[in-house]
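User: Hi! I'd like to work through this structure with you, one question at a time. Can you help me read it?

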Amino acid sequence: MPREYVECTEIAGKTVKTLKVYEDALDGCETVIEFTDGTTFSSSVTYQPVVKATLFRGGVGTPQVLRDYEL
């Protein structure tokens, strides 16, 4: 499966004034870059909870999976 990415070509060649990384235990993290020309770039990574469950029949050997659930 190919990974998707965002290419920010407008940032190439800019001079960084400050770079800050913020972490939030609930939301993820954000990076803020301020440039010397007065522009600012912000990006964030968020954590999306995934709910997974399995109904299976156990016993000796490998369990028999009856159904997988995922939200």
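User: Let's start with leucine 19. Which strand does leucine 19 lie in?

Analyst: Before we dig in, keep in mind that this is a predicted model. Look along residues 16-24, which form one strand, and you'll find leucine 19 inside that stretch. The strand is β1.

User: Is leucine 19 buried or exposed?

Analyst: Its relative accessibility is 51%. The cut-off for exposed is over 50%, so at 51% leucine 19 counts as exposed.

User: Which residues make the nonpolar surface patch of about 280 Å²?

Analyst: Leucine 19, which sits in strand β1, belongs to this patch. Two valines join Leu19 there, and together they make a nonpolar area of about 280 Å² on the surface. The full set is Val16, Leu19 and Val21.

User: Now for charges. How many salt bridges does the structure hold, and which residues form a salt bridge?

Analyst: Side chains of opposite charge can pair when their charged atoms come close. Here the count of salt bridges is one. The closest N and O atoms are 2.5 Å apart, and the partners are lysine 14 and aspartate 37.

User: Where in the chain are lysine 14 and aspartate 37?

Analyst: This salt bridge between lysine 14 and aspartate 37 links distant parts of the chain, with the two residues 23 apart. In space, their C-alpha atoms are 7.8 Å apart. As for the places, lysine 14 is in the segment before β1, and aspartate 37 is in the loop between β2 (28-35) and β3 (40-46).

User: Why does aspartate 37 count as partly exposed, and what is the relative accessible area of lysine 14?

Analyst: Partly exposed covers the range between the buried limit, under 20%, and the exposed limit, over 50%. Aspartate 37 has 49% relative accessibility, so it counts as partly exposed. Lysine 14 is partly exposed too, and its value is 29%.

User: Which ring does lysine 14 lie over, and at what distance from the ring centre?

Analyst: Apart from residues up to four places away in sequence, lysine 14 touches Phe35, Asp37 and Thr39. One of these has the ring we're after: lysine 14 lies over the face of phenylalanine 35, at a distance from the ring centre of 5.5 Å.

User: How many aromatic pairs does a search of the whole structure find?

Analyst: Rings need their centres within 6.5 Å to pair. With the whole structure searched, the number of aromatic pairs found is zero.

User: Which residues is tyrosine 22 in contact with, leaving aside neighbours within four places in sequence?

Analyst: Tyrosine 22 lies in strand β1 and is partly exposed, at 43% relative accessible area. Its C-alpha is 21 Å from that of tyrosine 5, 17 residues away along the chain. With those neighbours set aside, its contacts are Gly28, Cys29, Glu30 and Val32.

User: Last one: how far apart are the C-alpha atoms of phenylalanine 41 and isoleucine 11?

Analyst: Phenylalanine 41 is in strand β3 and is partly exposed, with a relative accessible area of 24%. Its contacts, beyond neighbours within four places in sequence, include Cys8, Ile11 and Phe35. Phenylalanine 41 and isoleucine 11 are 30 residues apart along the chain, and their C-alpha separation is 8.2 Å.

Conventions:
Residues numbered from 1 in each chain as written. Predicted model: local features only at pLDDT ≥ 70, side-chain atom pairs only at ≥ 80, totals over all residues. Heavy atoms only, no water. Patch = residues over 30% accessible without salt bridge, like charges linked within 9 Å, V, L, I, M, F, W, Y side chains within 5 Å. Areas by Shrake-Rupley, 256 points an atom, 1.4 Å probe, with all protein chains shown as cover. Salt bridge = Lys/Arg side-chain N within 4 Å of Asp/Glu carboxyl O. Helix = DSSP H or I, 4+ residues; strand = E, 2+ residues; numbered from the N terminus. Buried < 20%, exposed > 50% of the residue type's maximum accessible area, 1.4 Å probe, protein only. Phe/Tyr/Trp six-rings, centres within 6.5 Å; stacked < 30°, edge-to-face > 60°. Lys NZ or Arg CZ within 6 Å of the ring centre and 35° of its normal. Contact = heavy atoms within 4.5 Å.
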